[in-house]
Amino acid sequence: MFNKLATSVAFGLLSIATAHAFDPLVIERAKSLGECEHCDFVSADLKGVDLKGIKLDESNFTGADLSAAAIDDCGACNFTGANLTGAQMDGASLDEAIFDTADMRSAHCSGAYIHHAKFVGANLSGADMRKVNVEKGNFSQANLTNANFSGAKLKYANLGGAVLRGTNFSFADLSATDLGSLDLEGANFRGATFNGTLLRDAKLKGADLRQSRFHSVSIYDTATNRLGESFDPVRCADLQEAGALFDATTKCGK
């Protein structure tokens, strides 16, 4: 009687443990149909899986292992807490995706469309983000150490509390981005566009601002609830005082 009871309990626990196990046939079916929208990949082991050519919009990859996996179409997908180290997402459509707390170290996202995506608390150290369109992206508290955002579109992005040491923003559009109070030491902003960008109290020592362009600063008028503009650019003297690297090619106010 005891053995039967123990076996029954053990079987019940196994059933609970495997109730949400990932079925690899889901991938085969998706490849055959070319789509798997709203699919459940929670905590799935997808290491190195090639998901290119599959429309995965609004699928859930929370906690999944996607290290070295390949994805090219996953709008509004949920990658919260997922392992995306070394993932291949060059040129992918990932608009409005959620990457909060995801591990994206050395991920390849060059040329991807990631407009309005969330990267709160994510680790993108060493990630290739060249020429990405991540306008209105939320990178608050994210680790962007040594990530490459060269030529990226970051207009209206939220970088509050992000770690930007050694990040490459050369020739990126940082218009209307709030960089206030951030440590930008050693970051590369060569040729970047600062139009309405907030740099108040940012640590700029050693930041490369050569060839960068500083335009009008957008301000919010609480009286009219409208955006206004001040056409006084950041002064070169302010950059010098902050210890930034700049020269005659830097378009700053005298």
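# Notebook: confidence, cysteines and stacked rings

**Entry 1: how far to trust it.** I started at the front end, where pLDDT stays under 50 over residues 1-20 and the model has 0 contacts beyond four places in sequence for them. This is a predicted model, so I wanted that check done early. A second stretch, residues 225-229, also has pLDDT below 50, but there the model has 12 contacts beyond near neighbours in sequence. Note to self: where pLDDT is low, the predicted coordinates should not be read in detail. For the protein chain as a whole, the mean pLDDT is 86, and 84% of its residues reach 70 or more. Which element has the lowest confidence, and which the highest? Helix α1 (residues 2-18) is lowest at a mean of 39, and β1 is highest at 92.

**Entry 2: disulfides.** Next I looked for bonded cysteines. A reminder for me: a disulfide is a covalent bond between the sulfur atoms of two cysteines. How many did the search of the whole structure find? It found 3 disulfides. In sequence order of the bonded cysteines, the pairing goes 1-2, 3-4, 5-6.

I took Cys 36 and Cys 39 to begin with; their sulfur atoms sit 1.8 Å apart. The link of Cys 36 and Cys 39 is left-handed, with -100 degrees about the S-S bond. I checked burial too, and both Cys 36 and Cys 39 are buried.

Then I went to Cys 74 and Cys 77, with sulfur atoms 2.0 Å apart. Left-handed or right-handed? The torsion about the S-S bond of Cys 74 and Cys 77 is about -95 degrees, so this disulfide is left-handed. Cys 74 counts as buried because its relative accessibility is 0%. Cys 77 is buried as well, with a relative accessible area of 0%.

The remaining link I looked up joins Cys 236 and Cys 252, whose sulfur atoms are 2.0 Å apart. Its torsion about the S-S bond is about 95 degrees, so the disulfide of Cys 236 and Cys 252 is right-handed. Cys 236 lies in helix α3 (residues 236-242) and Cys 252 in the segment after α3, so the pair ties together parts that are 16 residues apart in sequence. Cys 236 and Cys 252 are both buried.

I also looked at Cys 109, and Cys 109 is buried, with a relative accessible area of 1%.

**Entry 3: aromatic rings.** On to the rings. I kept in mind that a pair of aromatic rings is described by the distance of the centres and the angle of the planes. My count came to 10 aromatic pairs. Why is the pair of Phe 41 and Phe 61 called stacked? The ring centres of Phe 41 and Phe 61 are 4.7 Å apart and the planes are at 10 degrees, so the pair is stacked; planes under 30 degrees apart count that way. Phe 41 and Phe 61 are both in the loop between α2 and β1, yet the pair links distant parts of the chain, 20 residues apart. Both Phe 41 and Phe 61 are buried.

I found another stacked pair in Phe 119 and Phe 139, at 4.6 Å centre to centre with 5 degrees between the planes. Phe 119 and Phe 139 also sit in the loop between α2 and β1, 20 residues apart. Phe 119 counts as buried because its relative accessibility is 0%, and Phe 139 is buried at 0% too. Zooming out, I saw that these four belong to one aromatic cluster, which also includes Phe 79, Phe 99, Phe 149, Phe 169, Phe 189, Phe 194 and Phe 214.

**Entry 4: single residues in the loop.** I picked Ser 150, which is in the loop between α2 (25-33) and β1 (193-194). What does Ser 150 contact, leaving aside neighbours within four places in sequence? Its contacts are Arg 130, Lys 131, Asn 168 and Ser 170. With Ser 170, the side chains are joined by a polar contact of 3.1 Å. The C-alpha atoms of Ser 150 and Ser 170 are separated by 4.7 Å, though the two are 20 residues apart along the chain.

Ser 140 is in the loop between α2 and β1 as well. Buried or exposed? Ser 140 is buried, with a relative accessible area of 14%. Not counting residues up to four places away in sequence, Ser 140 touches Phe 119, Val 120, Gly 121, Asn 158 and Gly 160.

My last stop was His 115, found in the loop between α2 and β1. His 115 counts as buried because its relative accessibility is 18%, and the cut-off for buried is under 20%. Beyond its neighbours within four places in sequence, His 115 is in contact with residues including Asp 95, Glu 96, Asn 133 and Lys 136.

Key. Residues numbered from 1 in each chain as written. Predicted model: local features only at pLDDT ≥ 70, side-chain atom pairs only at ≥ 80, totals over all residues. Heavy atoms only, no water. Disulfide = S-S within 2.5 Å. Buried < 20%, exposed > 50% of the residue type's maximum accessible area, 1.4 Å probe, protein only. Helix = DSSP H or I, 4+ residues; strand = E, 2+ residues; numbered from the N terminus. Contact = heavy atoms within 4.5 Å. Polar contact = N/O pair within 3.5 Å; in protein donor to acceptor, adjacent residues only side chain to side chain. pLDDT = per-residue confidence, 0-100. Phe/Tyr/Trp six-rings, centres within 6.5 Å; stacked < 30°, edge-to-face > 60°.
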